[in-house]
Amino acid sequence: MSVQKIAVIPGDGIGPEVAAVGVQVLEAVAELHDLPLEFTWFDFGAEKYLAEGVTLPQSAFEDFRDNYDAIYLGALGDPRVPDMAHAKDILLGLRFRLDLYVNLRPARLLHPALTPLKNKTPDDLDFVILRENTEGLYVGIGGRFKQGTPDEIAINEMVQTRKGVERIVRAAFEWAVENERKRVCMADKANVLRDAHGLWQDVFVEVAEEYPDIAARHLYADVLAMELVRAPEDFDVIVTGNLLGDVLSDLSAQLVGGLGLAPSGNIHPGRVSLFEPVHGSAPPLAGKDIANPLAMVLTGAQMLEFLGHGEAAMAVEAAVVQALREHRVTRDLGGELGTRAVGDALVRFVHAPPPAA
Ligand code: NAD
Ligand code: IPM
Ligand code: MN
């Protein structure tokens with residue numbers, strides 16, 4: 001098998017600490033499973049931006065696009081860059097310019113004790129969100145007029161295209177078919193955003209007709225937020241727009257243990273794609289060896305799956321489950337281990353998995 005190249009961008013805050021553990025675990029599993037993965041580290045982030053004014057050079061973008069199979073990113077965000085100028089170019093820039101239209105954010109309860117919901121079990125909490133990742137309110141079209149005056153006007157445009165909506169809705173149905181799931185729920189605010197989200201409604205009905213074996217359901221996003229807490233077992237696949245997907249994915253993460261456990265993939269099927277935890281750079285936790293690396297590690301499993309290494313992905317996930325079962329976790333999950341110690345435990349578990357039950 002030819003070498004698969006992975007660009008690692010640790011980024012800011014806790015990013016470098018969790019990325020170190022993520023790569024440590026991936027390297028261990030790659031060795032065991034004989035995977036030809038090659039990691040190259042890049043220092044794009046706030047530090048470089050502040051020192052050199054560099055966010056993501058065009059040459060690096062082209063290098064990622066042309067020469068890599070995947071990008072593994074920690075997190076971006078630094079209090080010294082309050083406008084997130086660097087993240088706009090690096091994270092949103094890569095999402096948009098690589099056209100990574102599927103933001104796949106699974107929410108799965110890996111240990112029964114992790115959910116804050118009463119009487120819900122791992123069987124009840126197992127769904128994915130497909131967040132549209134290239135349009136919506138994230139397109140950056142807008143501006144401030146008469147800034148700082150009483151007449152100030154602030155505008156952010158929401159842009160939805162038929163092509164953009166159709167491909168993410170179709171991706172949701174296809175994901176359901178491929179993963180033998182029976183239900184797709186689309187969430188919007190078409191009751192208010194009659195045009196931009198009216199398009200979602202039209203397209204959802206059209207695409208759903210092509211998948212008669214999948215139950216298609218629509219909920220307004222506010223109701224979906226409520227239903228996810230009340231009856232998460234009713235959901236397999238959720239498809240929604242960019243901003244709503246951002247909010248709903250943090251909510252979903254918390255239902256299954258919090259941001260410290262939530263992975264995500266920014267995917268364009270068949271092209272170089274970007275994998276990053278749902279969480280941010282958590283500046284107050286940075287440099288203290290207390291950040292939970294499990295979201296980054298599970299993100300690594302998602303990347304392995306994308307790269308065609310399903311078995312290795314399962315091995316990584318099994319190691320995470322074992323760490324949870326044996327309580328070899330960080331303090332956000334009530335444990336006592338530091339970030340690095342969790343990494344070391346995971347590597348041991350990868351090498352010596354428990355006998356199959
Ligand atoms: P955050 O996700 O960094 O943190 C939110 C909360 O979750 C905090 O209480 C934090 O301590 C906790 N948390 C997050 N990750 C954790 C982990 N691995 N282990 C333990 N606890 C964890 O969100 P925020 O504080 O709103 O944002 C901080 C910065 O990160 C901001 O600049 C924001 O824009 C940025 N951000 C970046 C990304 C990304 O790179 N994909 C995502 C979200 C936020
Ligand atoms: C996420 C983050 C990003 C987003 C920010 C950092 C731009 O919150 O990946 O969920 O809003 O998409
Ligand atoms: Mn977010």
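**View 1. The shell around ligand 2 in this predicted model.** The residues here split into two nonpolar, no polar and five charged (Ala, Val, Leu, Ile, Met, Phe, Trp, Tyr, Cys and Pro count as nonpolar, Asp, Glu, Lys and Arg as charged, and the others, Gly among them, as polar). So who's in the shell? Met84, Arg95, Arg105, Arg131, Tyr138, Asp246 and Glu276 surround ligand 2, where being near takes a heavy atom within 4 Å. Domain 1 (1-100 + 268-357) and domain 2 (109-258) both supply shell residues, so ligand 2 lies between them; the domain bounds come from an automatic or database domain assignment.

**View 2. Polar contacts of ligand 2.** A polar contact is a pair of N or O atoms within 3.5 Å. Oxygen atoms of ligand 2 pair up with side-chain atoms of Tyr138 at 2.6 Å, Arg131 at 2.8 Å and Arg105 at 2.9 Å. On its own, ligand 2 exposes 320 Å², and the protein buries 77% of that (areas use the Shrake-Rupley method with a 1.4 Å probe).

**View 3. Ligand 1 and its neighbours.** There are 18 residues around ligand 1, and Leu76, Glu276, Gly280, Ala282 and Asn292 come nearest. The side chain of Glu276 puts a polar atom 2.8 Å from a ligand 1 nitrogen, while a backbone N or O atom of Asn292 sits 2.9 Å from a nitrogen. A polar backbone atom of Ala282 is 2.8 Å from an oxygen of ligand 1. Of the 800 Å² of accessible area that ligand 1 has alone, the protein covers 64%.

**Reading the labels.** Residues are numbered from 1 along each chain as its sequence is written, with chains lettered from A and ligands numbered from 1 in the order in which they are written. Local features need pLDDT of at least 70, side-chain atom pairs count only at pLDDT 80 or more, totals for chains, interfaces and linings use all residues, and side-chain values use heavy atoms, leaving out hydrogens and water.

Notes. Polar contact = N/O pair within 3.5 Å; in protein donor to acceptor, adjacent residues only side chain to side chain.
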